[in-house]
Amino acid sequence: MDKKEQLKQACDPATIAEDLMTLAGHDIEVDRALARHPSATAEILDLIKYAEDEEGNLDREVRTAVVRHPNISTVTFRELSAQYPKDAVKNPSMDALLKEDSEILESCSPLLELEGCTESWLKRAASSSSYSVKLQALRNPKLPEKLRTRLSPETLVKEAESNLQKFKEKQTDRLASDFVEAYIKVAERLPYAIPSFRDFDMKSAAHRLADQVICGIPYTFG
């Protein structure tokens with residue numbers, strides 16, 4: 001089968017998955033068509049995600065189409081969403097991916113900040129035990145008001161105080177209980193800091209130094 005016939009099959013929505021598999025990994029133009037084919041399976045997408053363009057680089061067109069494909073595997077979604085987050089949130093199967101892999105939200109948490117992130121992800125983030133995940137959801141410009149209230153600094157502080165109280169009640173040693181009680185009283189008197197986020201600028205020497213030498217630009221939350 002010549003390239004013209006391969007491309008024709010790859011573009012034909014009626015071509016079944018078994019036939020699509022035989023076309024994968026042989027020609028970049030064909031792989032680009034396969035990445036958009038509605039019947040492309042997770043196995044096919046996993047195979048072509050490493051397709052190289054005419055210059056020998058990983059092909060952006062294939063990879064962005066793969067991360068948007070509803071049949072993508074959770075493993076590949078985790079991998080490609082980090083590189084193409086704006087394309088990842090366009091995937092119509094984000095809810096299904098979250099149901100399949102409950103830990104995918106933590107590994108793909110930067111998606112929570114994007115306007116296209118689904119409400120199911122944002123709801124799960126609001127219930128997360130990770131404050132980092134919660135704060136990323138709080139940065140979402142389209143965050144529903146009920147979730148924004150739930151993630152407000154005041155709410156998070158009350159939650160932290162409640163957790164401290166529960167921790168105190170679990171103590172069996174009197175000295176440890178008194179210590180936690182003293183810590184709670186001090187914590188209640190301290191003002192909390194509203195998180196301040198700073199965009200990373202690759203052209204800024206100060207930002208690069210902070211990211212590469214000091215392990216990231218810091219923020220505080222108390």
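Does Y50 count as buried, partly exposed or exposed, and what is its relative accessibility? I will start there and then move out to the rest of the fold, keeping in mind throughout that this is a predicted model.

Y50 has a relative accessibility of 46%, and because buried means under 20% and exposed means over 50%, with partly exposed in between, Y50 counts as partly exposed. You will find Y50 in the loop between α4, residues 42–48, and α5, residues 60–68. If we leave aside its neighbours within four places in sequence, Y50 is in contact with L58, R63 and E79. G25 sits 25 residues from Y50 in sequence, and the C-alpha atoms of the two are 8.8 Å apart in space.

Let me set beside that a charged residue, R32, which belongs to helix α3, residues 28–36. R32 has a relative accessible area of 14%, and it is therefore classed as buried. Once its neighbours within four places in sequence are left aside, the contacts of R32 are D53, E54, D59, E61 and V62.

Now to the protein as a whole. There are 15 helices and zero strands, and 37% of the 222 residues count as buried. If we take the contacts with a separation of 6 or more, 44% of them are between residues 24 or more positions apart.

Within that helical arrangement, the element I would like to dwell on is α11, which covers residues 131–138. This helix is mostly covered, with six of its eight residues buried, namely V133, K134, L135, Q136, A137 and L138. What do those buried residues pack against? They pack against α9 (104–107), α10, α12 (145–150) and α13 (153–170), and I will take two of these partners in turn.

The first partner is α10, residues 119–126, whose axis comes within 8 Å of the axis of α11, the two crossing at roughly 140°. The pair is therefore described as oblique, and α10 passes α11 in a left-handed crossing. On the α10 side the contact is made by L122, A125 and A126, and on the α11 side by V133, K134 and A137. Sorted by class, the residues of this contact are five nonpolar, no polar and one charged.

The second partner is α13, and here the axes are 13 Å apart, with a packing angle of about 165°. That angle makes α11 roughly antiparallel to α13, and the crossing in this case is right-handed. From α11, the residues Y131, K134 and L135 meet L156, E159, A160 and N163 of α13. By class, this contact holds four nonpolar, one polar and two charged residues. You may want to find K134 on the structure, since K134 takes part in the contact with α10 and also in the contact with α13.

Finally, a word on the cysteines. How many disulfides does the model have? The count comes to zero. C108, for instance, is in no disulfide, and the nearest cysteine sulfur, that of C117, lies 9.9 Å away, whereas a disulfide would need the two sulfur atoms within 2.5 Å. The relative accessibility of C108 is 2%, and so C108 counts as buried.

To return to where we began, Y50 is partly exposed, while R32 and C108 are both buried.

Technical notes. Residues numbered from 1 in each chain as written. Predicted model: local features only at pLDDT ≥ 70, side-chain atom pairs only at ≥ 80, totals over all residues. Heavy atoms only, no water. Axes fitted to C-alpha atoms, helices over the stretch in contact; angles between N-to-C directions. Helix = DSSP H or I, 4+ residues; strand = E, 2+ residues; numbered from the N terminus. Parallel < 35°, antiparallel > 145°, perpendicular 65-115°, else oblique. Left-handed = near helix turned anticlockwise from the far one by under 90°. Contact = heavy atoms within 4.5 Å. Nonpolar A, V, L, I, M, F, W, Y, C, P; charged D, E, K, R; others polar. Buried < 20%, exposed > 50% of the residue type's maximum accessible area, 1.4 Å probe, protein only.
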